[in-house]
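Trainee: Please select one part of this structure and examine it closely, and then set that part in the context of the rest of the chain. I should like one connected account.

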Amino acid sequence: MRLRTPAFLLGLACLPLLAQTVPPPATPAPAATPVPAQTPVPAATPPPMTDLRFLRMKISAGDLPSAESILETHRAEKGHDAETLMCVAWLARGAALLEDWPAASRYAKEARAAAVSRLGNPRAWEDNSEAAYALGTAIEVEAQALEAAGKKAEAIRLLDESARSLESEKAPYNLRARVRKRRNQIELVGQPAPGFRVEDSIGAPAPALESLRGKPVVMFFWWESCGDCRAQAPAVRRIIEKYSGRGVAFVAPTRVYGDDRSAEKTKIEKTWKETYAMPDSVAVPISDEAMLRYGVSATPTFAFVDRKGVVRQYLPYRMTEERLAAAIEDLLR
């Protein structure tokens, strides 16, 4: 006799099989680990130009032979790198300072050739500040050497030709201004003060120089971020307070150095008001043309103009209050 398995037992026997056919609950995927933002890699800091620093110290002490020896050693170890070029340019300056004109001319020509080679054609001004500096130095020193040799006309011709070339090559402003500055140092004194186009102004309306004839004029060229200009401010303010009542006109040209002219003007106004605190009577024309024409590559720069509109002194550097007063007294005589 065959025994029949009860139906409920068959159902129980199938339960494990059914359980095996049911998929397990899905395991939630782990949360994605956030990828950290890429931090920009800062540009490598160029190594300090230690040999150049020591070379400049020797030049400041009037020790040209030791400075030349530093260059010789550096060149033997490092070849013709950017520091070598800067050392050659500074030797040209040092030799000119010491009036060793054969050495000055030799180093200037070497610096110019190396700078032009480094800049290429067309000129690669960006990231080539050492070459631009060396080129400007070479042009200046070559002109100085010509003037020292009694060849003033040749020096002026060299500077004018260089200025035209640099303009066509879209050279940086400071380089072009350096060439103008050297030309002014050679020839501007005794010439009518050049007029200039005013693009904007702050403070009192900017007068045309021609309208100031009959008055001594002091032009103080400055830049709002220039440390030397800021340091000069108290002396200039006291000079203005002292001489404004004696008929001396003061004009303080500057220029926009950034791309955002509106933001730059705001900075100029803020600095002029808070740092310089000059009387409201001082006009501040904003003029690229003025700064370039008067060769303002190293601010502050002063031009002293007599009642006839002739430049009597052109001084592209900081001055003591005593020297400023002496220059103005010369205009009043």
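Mentor: Two residues are said to be in contact, or to touch, when heavy atoms of theirs lie within 4.5 Å. With that in hand, I take S287 as the part to examine, noting that the model is a predicted one.

S287 is found in the loop between β4 and α11, the latter spanning residues 288–293. Its relative accessible area is 0%. Buried means under 20% relative accessible area, and S287 is therefore buried. Leaving out residues up to four places away in sequence, S287 touches F196, R197, V198 and E199, together with T254 and R255.

The strand before this loop is β4, residues 283–286. In a regular strand the side chains alternate between the two faces of the sheet. In β4, A283 and P285 lie on one side, whereas V284 and I286 lie on the other. These four residues are all buried, and both faces of β4 are thus covered. The pairing partner of β4 is strand β1, residues 200–203, and the two are joined in the antiparallel sense by four bridges. One of the bridge pairs places G203 opposite A283 of β4.

T254, one of the residues touched by S287, is also among the contacts of W223. W223 is found in the loop between β2, residues 217–221, and α9, residues 227–243. Neighbours within four places in sequence aside, W223 is in contact with C229, T254, Y257, E264, Y276 and T299. A further relation in space links W223 to P300: their C-alpha atoms are 7.6 Å apart, although 77 residues separate them in sequence. In contrast to the 0% of S287, the relative accessible area of W223 is 29%, which makes W223 partly exposed.

The strand that comes before the loop of W223 can be described in the manner used for β4. Five of the five residues of β2 are buried. V217, M219 and F221 point one way from this strand, while V218 and F220 point the other way. Strand β3, residues 249–251, runs parallel to β2, and three bridges join them. Among the pairs, V218 has F250 of β3 as its bridge partner.

On the other side of the loop of S287 is α11, residues 288–293. L292, whose number falls in that range, is touched by R176, as are L166, E167 and A171, with residues up to four places away not counted. R176 belongs to helix α8, residues 173–187, and is buried, since its relative accessibility is 18%. Helix α7, residues 152–168, contains D160. At 24% relative accessibility, D160 counts as partly exposed. The C-alpha atoms of D160 and R183 are 8.1 Å apart, with the two positions 23 residues apart in sequence.

Elsewhere in the chain, two helix pairs deserve attention. Two packed helices are described by the angle between their axes and the distance between the axes. For α4, residues 82–97, and α6, residues 129–148, the axes come within 9 Å and cross at roughly 20°. Angles under 35 degrees count as roughly parallel, and α4 and α6 are therefore roughly parallel to each other. Their crossing is left-handed. The contact draws on A82, L85, M86, A89, W90, A92, R93 and A96 from α4, and on E130, A131, Y133, A134, T137, V141 and Q144 from α6. By class, the residues of this contact are eleven nonpolar, two polar and two charged.

The second pair consists of α2, residues 50–60, and α3, residues 64–78, whose axes are 8 Å apart at an angle of about 165°. Angles over 145 degrees count as roughly antiparallel, so this description applies to α2 and α3. Here too the crossing is left-handed. D51, F54, L55, K58 and I59 of α2 meet S66, A67, I70, L71 and H74 of α3. The contact of α2 with α3 comprises six nonpolar, two polar and two charged residues.

The chain as a whole supplies the remaining context. It has twelve helices and six strands. Of its 333 residues, 41% are buried, and S287 is one of the buried residues. Among contacts with a separation of 6 or more, 72% join residues 24 or more positions apart.

Note on methods
Residues are numbered from 1 along each chain as its sequence is written. This is a predicted model: local features need pLDDT of at least 70, side-chain atom pairs count only at pLDDT 80 or more; totals for chains, interfaces and linings use all residues. Side-chain values use heavy atoms; hydrogens and water are left out. Buried means under 20% relative accessible area, exposed over 50%, partly exposed in between (1.4 Å probe, protein chains only). Two strands pair if DSSP finds at least two bridges between them. Axes are lines fitted to C-alpha atoms, for helices over the stretch in contact, and angles run from 0 to 180 degrees between N-to-C directions. Angles under 35 degrees count as roughly parallel, over 145 as roughly antiparallel, 65 to 115 as roughly perpendicular and the rest as oblique. A crossing is left-handed if the near helix is turned anticlockwise from the far one by less than a right angle, and right-handed if clockwise. Ala, Val, Leu, Ile, Met, Phe, Trp, Tyr, Cys and Pro count as nonpolar, Asp, Glu, Lys and Arg as charged, and the others, Gly among them, as polar.
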